[in-house]
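Please look over the following notes with the sequence and the structure open beside them. They take up the chain as a whole before turning to one of its pockets.

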Amino acid sequence: MVTQAPVQYETVIGLEVHVQLKTDSKLFDPSPNAFGDEPNVNINTPCLGLPGALPVLNERAVEYAIRLGLALNCQIAEVTKFDRKQYFYPDLPKGYQISQYDYPICEHGSITLSNGRHVRILRAHLEEDAGKLVHAGAVGLAGSDYSLVDLNRAGSPLVEIVSEPDIRSAEEAREYMQQIRNIVRYLDVCDGNLEEGSMRCDANVSIRPVGSTEYGTKTEIKNMNSFRSVQRAIESEVARQIEIVEAGGKITQESRLWDEATQSTKTMRSKEEAHDYRYFPDPDLRPLAIPREQVEHLRQTLPELPHQRYDRLITGFGLSEYDAGVMVEFKEMGDFFELAVEHTDNYKAVSNWIQGDITAYLKNNKVSIFETKLSPKALAELVHLVDKNTISSAMAKKLLPELLEHGGEPEKLVQEKGMAQISDAGALRELIQKVIDANPANVEAYRGGKDKLFGFFVGQVMKESKGSANPELVNQLLKEMLA
């Protein structure tokens with residue numbers, strides 16, 4: 001009897017990432033585009049859909065969309081237009097959303113993942129955001145007593161980035177989203193704060209037998225706003241689909257929600273197709289022609305992008321792939337690093353200080369690196385003091401909190417506090433002899449073969465010097481004098 005090998009499945013994922021642009025006003029009306037204000041204060045007649053209210057396109061939002069499209073290697077349309085996407089929901093007061101259907105502003109881009117795989121981008125189009133429902137009386141919608149609507153977000157400008165189904169794992173999906181967040185932050189078109197809803201993600205997920213070229217039935221997981229949620233939701237949904245297929249069932253095409261409490265996806269509604277939204281051109285907005293000279297000007301003025309900084313940190317400063325990745329991921333740290341290394345060529349030490357003690361301080365005090373009193377030049381000077389053995393690394397660690405909290409020049413602080421390291425061999429010999437004279441039994445035991453006692457003597461000398469002795473020289477002289 002021949003036993004069939006178990007079927008191996010391949011995951012197929014396409015992501016729809018919504019990026020909220022940080023313009024001063026909304027996409028089609030002059031009300032403020034701001035987060036955290038009192039509910040329903042940033043509203044105007046166009047976003048409310050009041051009779052006679054006409055939309056006026058935000059020029060800066062168009063510019064930001066083009067810049068983002070260029071950074072995503074997209075083709076920028078010569079002519080684009082806006083369409084009405086019809087659906088009814090309490091946080092959409094007009095009863096339709098102004099979006100783009102068949103003529104998006106950006107098309108056919110790509111992102112390259114760290115494993116070398118290319119994820120094609122089908123389109124990146126402009127649209128207005130909906131409002132927000134606040135469900136009261138429970139953690140989420142389930143079990144809530146009532147819901148409130150906040151329309152401050154209604155009409156805020158979004159770019160929706162739609163990938164082709166080229167992503168093959170939850171880990172790749174997470175990295176793809178992280179790359180997009182880095183790009184929008186470097187472009188300064190979005191703050192990338194997922195927890196505030198500035199970036200959100202819908203994931204289209206399906207499975208198919210390995211080797212198959214046909215796509216399986218997909219489900220869409222809606223409105224995830226953290227990298228962790230994206231990865232875990234996809235992993236959970238893939239496991240659910242495999243279980244259904246293995247049991248002989250069929251996947252239903254639908255929209256689902258990720259439930260953090262149960263770590264599982266739940267049915268939301270049947271999946272709509274394009275015809276369900278009844279798209280048609282918005283009669284109040286003319287097609288928009290985008291001059292090629294404007295596109296080329298924006299292309300030439302793009303800032304350095306994350307992958308470019310990553311390559312330069314490795315080739316220009318000799319950082320490891322990991323260190324360069326951290327400096328790219330946390331842009332302010334990368335900026336601080338580049339300012340500091342203008343004053344020192346010990347690039348690795350600067351990177352280590354930023355990623356180690358400084359990052360720990362930032363997390364504990366919930367501040368950013370440029371909100372501290374430490375200047376990049378002062379960090380470079382601290383590195384220099386350690387390099388020339390003026391102070392030890394341990395002393396530098398003690399000095400760092402004061403520099404972070406109060407600023408100042410490290411060399412002056414070392415002099416004022418009497419922290420200069422003792423590197424005079426004669427002075428250290430005196431300290432070592434004092435320790436040897438005070439511990440005759442341990443000296444005899446060490447000379448008798450108990451080598452582990454060497455650490456004891458080092459500690460005693462450092463204690464006698466109040467931590468100011470040069471550790472390397474102490475080790476060297478101790479070995480000589482104990483012998």
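1. The chain contains 16 helices and 16 strands, and the reader should bear in mind that the model is a predicted one. Its radius of gyration is 30 Å, well over the 23 Å that the globule rule gives for 483 residues, so the chain is more spread out than a compact globule.

2. As for overall dimensions, the C-alpha trace spans about 95 × 70 × 50 Å along the principal axes of the chain.

3. Of the 483 residues, 46% count as buried, while the area that the chain exposes comes to about 24,700 Å², of which carbon and sulfur atoms supply 51%.

4. When contacts are restricted to those between residues at least 6 apart in sequence, 67% of them join residues that are at least 24 apart.

5. The second largest pocket holds about 770 Å³ of space and has a lining of 27 residues, among which Thr-112, Glu-175, Gln-179, His-307 and Tyr-310 lie nearest the centre of the pocket.

6. Which elements each supply at least two residues of this lining? They are helix H2 (59–71), strand E6 (106–112), helix H3 (170–187), helix H6 (306–317) and helix H7 (321–329), and it is H7 that gives the largest share, with six residues.

7. Sorted by class, the lining of the second largest pocket is made up of 13 nonpolar, ten polar and four charged residues.

Technical notes: Residues numbered from 1 in each chain as written. Predicted model: local features only at pLDDT ≥ 70, side-chain atom pairs only at ≥ 80, totals over all residues. Heavy atoms only, no water. 1 Å grid on protein atoms, 1.4 Å probe; cavity = no way out; pocket = protein on both sides within 12 Å on 5 of 7 lines; lining within 4 Å. Points joined across faces, edges and corners; volume = space filled by probe spheres on them. Helix = DSSP H or I, 4+ residues; strand = E, 2+ residues; numbered from the N terminus. Nonpolar A, V, L, I, M, F, W, Y, C, P; charged D, E, K, R; others polar. Rg over C-alpha atoms; globule rule 2.2 N^0.38 Å. Buried < 20%, exposed > 50% of the residue type's maximum accessible area, 1.4 Å probe, protein only. Contact = heavy atoms within 4.5 Å. Areas by Shrake-Rupley, 256 points an atom, 1.4 Å probe, with all protein chains shown as cover.
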